[in-house]
Amino acid sequence: MSAALWALVVLPALAGGALLLVGRRAERVAPALALTVAALVAGLAVAVAPARPSVDAPFLAGARWGLAVDGLAALVVPAVAAVALLVLAYAAAEIRSDRSRFHGLMLVFLAAVLLTATATTLPVLLLGWEIMGAMSYALIAFHWRRDDAVAAGGTAFLTTRVGDLGLYLAAGAGLAGGTLDLTGLAALPTGWRDLAVAGVLAAGFGKAAQLPFSFWLSRAMLGPSPVSALLHSAAMVAMGGYLLVRLHPLLVATGWAVDVAAWGGALTALALGAVALAQSDLKQLLAASTSAQLGYVVLGAAVAPAGAVAHLIGHAATKALLFLAAGAWLTALGTRRLSALRGAGRRHPLVGAGFAVGALALAGVPPLALWATKDEVLAGARERSPVLYLVGLAGALLAALYAGRALALVLRPVPPGAEAGYDTERAGTREVAAGQRVPLVPLAVGAAVLGALVLPPLSGAVAGAVGAGAAPPVRGADLALSGLLAVAGVTLAVAAPTRLPAPAWARAWLGLDPAARLLVVRPTLALARGLARFDDRVLDRAVHAVPGAALGAARGLARFDDAVLGRGVAAVPVLTRRAAEALARADDHGVDALVRRLARAARRLGALARRPQTGLIHQYYVQVVLVLGAAVLILLLAR
């Protein structure tokens, strides 16, 4: 089955790369090709899950190319593949222009996510992690003619890059400590282990949009709805939490990292829950709720890994469903504003029914998916600290309020004059295509039933697959309490959806974006300007002074030659003079010619070296992809 594992990653990468290279010539066949490849990937994911294949091959000095479908990957990989298939099916009906580029990027993105999920060594993980980040930039900035979309992609990319540097710190610590295998990081010497876990936490928090990185999710909403549905459900954001679950032994080995992850996740669930409650834009609400719900995954990665994985899978189906429903209304009605979406669920009943299932699951209403999965995470939090448990429970109440508020507005009767609020984002079609409706059905089923992963008899199998030991017991009283809170929160929100608190600090995403600009962007730009001035005024002048000094020295030597050596040569015997003349000719025609040839070669190399330095990020990534492709080809041939 190792061939199936190779195909799981290579097939979408090759198909996506081919679509990107062929470009507009494949516009007609791109959706069908992408759907076919995604279906094959889903089949491969289902096949490798019970077989548990692995791949081990030479890659870099001191590191192997390691892929494996262990128990954890066997749970997550099929979920990723299934959600990707349904999102691409939806996209086939929605995306009407640049389809080759869109589906090519989505397939390469899928390949990178699967590579990340199955990597067993840090170099392979870094490869998947980097490509995943690059593709997220290209997908968020898909509408590249819009300055705001490109800026949003840049914000998401640079913000997550700050956290991604942590993986390089972890790789350096692993290399210094003697291992680059993920399973060996927990056994590193104490100092290197602390550095490794600090880097892993930074990378996981950045990708999972945990505090203080959360604001990039808000900007990412300018990407197409299918991008939001995949990126914020089962793909990149989920991979931040997945990384921390996979490295749970490393968190435990350091001790302090468990508290950092647990409190970081719990506080994000609480703070971003308040942000979601204050939003007036449906996609912004869903984005903030993604960060909040991933907070439970990060919390669970520290205190209840099996619950974290179950919550991640349930959230993937739930959030993909909600984003696709929001995208369907955006296509039909041309707006994302909650006030303008009053009655949207009644205008389009199937979309409304799917949204209702997703919203109730997001609220934690029994017996839907995120009710029991969240409670297993909270059970682990209770074992760690009662205060941690209460913070998580407060976040759960906020989830019920923001989900109930959205549900109440979209399911209300259509108000008179509703058409006046439409078409604020684009011209709506007033129709939802069948291709947009059909993928909602299996996602709604997943949002309804995936909570069974933490209930008997599946709970023991999930805990065994994750391999983190027995999960903390979930008491019936805890399940009842969280269920009552969810029902009460939804009931309150439905009764008065417009009267819930919406403070300005929450609407503005806690002010994280301006804070990042003040504390990070401005100092970085100021440092860059200072270095540029130093370069211009010191280094450039020094460089320009070198030729002048060399010319002055050459003139001095020439005068010395004429005044001293030339006379000396004239005074020696003729044979000596002829030898000197021969040496002079050798100097003119040999040494000087060699120097001139070297100078011309240096100028040519300099001109060639400047050509790829265009300042355009996408061209740099093309170069990186070509180099990585060559490396993979050499790896395959070397085997």
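A contact here means heavy atoms within 4.5 Å. Start with the whole protein chain: among contacts between residues at least 6 apart in sequence, 81% join residues at least 24 apart.

This is a predicted model, in which local features need pLDDT of at least 70 and side-chain atom pairs count only at pLDDT 80 or more, while totals for chains, interfaces and linings use all residues. Residues are numbered from 1 along each chain as its sequence is written, and side-chain values use heavy atoms, with hydrogens and water left out.

**Whole chain**

Keep everything selected. The C-alpha atoms fill a box of roughly 115 × 60 × 45 Å along the principal axes. Colour by secondary structure: the chain has 26 helices and two strands. Helices (H or I, at least four residues) and strands (E, at least two) are DSSP runs, numbered from the N terminus. Of the 639 residues, 52% are buried. Buried means under 20% relative accessible area, exposed over 50%, and partly exposed in between (1.4 Å probe, protein chains only). The chain exposes about 26,900 Å², with carbon and sulfur atoms supplying 68% of that area. Accessible areas come from the Shrake-Rupley method with a 1.4 Å probe, and for residues only the protein chains shown count as cover.

**The hairpin**

Select residues 54-60, which are strand 1. Add strand 2, residues 63-68. The two strands pair in the antiparallel sense over six bridges; pairing requires that DSSP finds at least two bridges between the strands. Two residues sit between the strands of this hairpin, and Gly-62 takes a positive phi near 85°. Now pick Asp-56. Its bridge partner in strand 2 is Gly-66. Show side chains: Asp-56 also forms a salt bridge with Arg-64, with the closest N and O atoms 2.8 Å apart. Arg-64 is partly exposed, at 37% relative accessible area.

**Salt bridges**

A salt bridge is a side-chain nitrogen of Lys or Arg within 4 Å of a carboxyl oxygen of Asp or Glu. The structure holds 18 of these salt bridges.

Select Arg-246 and Asp-70. Their side chains meet at 2.9 Å, N to O. Arg-246 is in helix 10 (residues 236-246), Asp-70 in the loop between strand 2 and helix 3 (71-94), and the two are 176 residues apart. Arg-246 counts as buried at 18% relative accessibility. Asp-70 counts as partly exposed at 29%.

Next, Glu-130 and Arg-161. The closest N and O atoms of this salt bridge are 2.5 Å apart. The pair links helix 5 to helix 6, across 31 residues. Add Asp-164 and Lys-207: salt bridges that share partners join these four residues into one network. Glu-130 is buried, at 15% relative accessible area.

**Aromatic pairs**

Stay on helices 5 and 6, and select Tyr-137 and Phe-157. They are one of five aromatic pairs in the whole structure. Rings of Phe, Tyr and Trp (its six-membered ring) pair if their centres lie within 6.5 Å; planes under 30 degrees apart count as stacked, over 60 as edge-to-face and the rest as tilted. This pair is tilted, at 5.7 Å centre to centre and 55° between the planes. Tyr-137 lies in helix 5 (residues 122-140) and Phe-157 in helix 6 (residues 147-177), so the pair ties together parts 20 residues apart in sequence. Both Tyr-137 and Phe-157 are buried.

Jump to Trp-329 and Phe-355. Their ring centres are 5.2 Å apart and the planes sit at 55°, so this pair is tilted. Trp-329 belongs to helix 14 (residues 305-333) and Phe-355 to helix 16 (residues 349-363), 26 residues apart. Both Trp-329 and Phe-355 are buried.

Last stop: Trp-6, Phe-59 and Trp-65, which ring pairs link into a cluster.
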